[in-house]
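Trainee: I'm new to this one, so please choose a single part and take me through it closely.

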Amino acid sequence: MPDRADTAATMLEVRDLHAFYGESHILHGVSLEVRRGEVVTLLGRNGAGKTTTLRAIMGMVGRRTGSIRFAGTELVGMAPHRVPRLGIGYVPEERGIFASLSTAENLMLPPVVREGGMSVEQIHTLFPNLRERGATQGTRLSGGEQQMLAIARILRTGAELILLDEPTEGLAPVIIDQIGVAVRRLKDRGFTIVLVEQNFRFAATIADRHYVMEEGHVVDMIPNDRLDASMDRLHARLGV
Ligand SMILES: Nc1ncnc2c1ncn2[C@@H]1O[C@H](COP(=O)(O)OP(=O)(O)OP(=O)(O)O)[C@@H](O)[C@H]1O
Ligand SMILES: [Mg+2]
């Protein structure tokens, strides 16, 4: 389990992050920070740079400048393959479930990189569907089951910071509720989570704070208990 000794400490600190894909300059000085044990969302319209921010943290963009410190270690300049080993897990929007492998095989696929990951038994307690569907081929899982599997397999690796890109996209409300329950349990276990969401009603049920992105910048930070009071501002930003 993640170490909860220094709960108030900053786990992730992003300062003046610029990211490029080839000649395209996508992030224009993003700054944000996430404390250990927090759930923080990135909100913003399509194309605002939310996914690029997660990919830049993982080192999966063409080029980046600025600073990304994880538990005090600078990630800018670090080879991408080293990033997961520090304890950062990325669950991409496209989920990446291998169609020809079973649920159980997909679950065991990512290597364990650090001590303290969840056991398969603990994962099955969190996501009982995955136990029932263990022998089922990846392609035959529902969208919700695929999303749960994509999250579940990162929990085995020992990651303590989880970057989750739009886990609720395209899912039915009842499944979204299940994902919300799971994310809350992960928070209770001490995981730190950065969640990209378009659905801020969902985000409001699990997050401590929200960063709002626009055109490659962070333009607002809203504590969750100020969300209701900030609704007009947020509607204007998100165009919803
Ligand atoms: N591989 C790429 N090469 C060039 N430009 C890209 C690439 N990926 C994304 N972009 C551009 O970067 C900008 C930010 O994209 P990004 O995917 O980060 O947005 P997003 O906030 O995640 O949007 P969405 O809500 O649609 O997922 C967009 O203008 C997009 O077209
Ligand atoms: Mg995206």
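Mentor: Let's settle one word before we dive in: contact means heavy atoms within 4.5 Å. What you see is a predicted model, where local features need pLDDT of at least 70 and side-chain atom pairs count only at pLDDT 80 or more, while totals for chains, interfaces and linings use all residues. Residues are numbered from 1 along each chain as written, chains are lettered from A and ligands numbered from 1 in written order, and side-chain values use heavy atoms, without hydrogens or water.

With that word, go to phenylalanine 127. Setting aside neighbours within four places in sequence, Phe127 is in contact with Met148, Ile151, Ala152, Leu155 and Ala182.

Phe127 belongs to the part I've picked, the largest nonpolar core, which has 32 residues. (Such a core is a set of buried Ala, Val, Leu, Ile, Met, Phe, Trp, Tyr and Cys residues joined through side-chain atoms within 4.5 Å.) Along with Phe127, the residues with the most contacts inside this core are Ile151, Leu155, Ile162, Leu164, Leu186 and Ile193. Helix 3 (120–126), helix 5 (143–155), strand 7, helix 6 (173–188), strand 8 (192–196) and helix 7 (200–206) supply at least two core residues each. (Helices, H or I of at least four residues, and strands, E of at least two, are DSSP runs numbered from the N terminus.) Helix 5 gives the largest share of the core, with seven residues.

Now zoom in on isoleucine 162, in strand 7, which covers residues 161–165. Is Ile162 buried or exposed? Ile162 counts as buried because its relative accessibility is 1%; the cut-off for buried is under 20% relative accessible area, taken with a 1.4 Å probe and protein chains only. Leaving out residues up to four places away in sequence, Ile162 touches Gly89, Val91, Ile154, Leu155, Phe191, Thr192, Ile193 and Val194. Gly89 is a nice one to find on screen: Gly89 and Ile162 are 73 residues apart along the chain, yet their C-alpha atoms are separated by 4.8 Å.

As a rule of thumb, nonpolar side chains tend to be buried together in soluble globular proteins. Coming back to our core, helix 5 is the place to start tracing, with its seven residues. There is also a second, separate core of 30 residues, which includes Val34, Met78, Tyr90 and Val196.

For a landmark elsewhere, look at ligand 1. A polar side-chain atom of lysine 50 lies 2.8 Å from one of the ligand's oxygen atoms, and a polar side-chain atom of asparagine 46 lies 3.1 Å from an oxygen atom of ligand 1.

Technical notes: A polar contact is a pair of N or O atoms within 3.5 Å; within protein, one must be able to donate a hydrogen and the other to accept it, and residues adjacent in sequence count only if both atoms are side-chain atoms. Buried means under 20% relative accessible area, exposed over 50%, partly exposed in between (1.4 Å probe, protein chains only).
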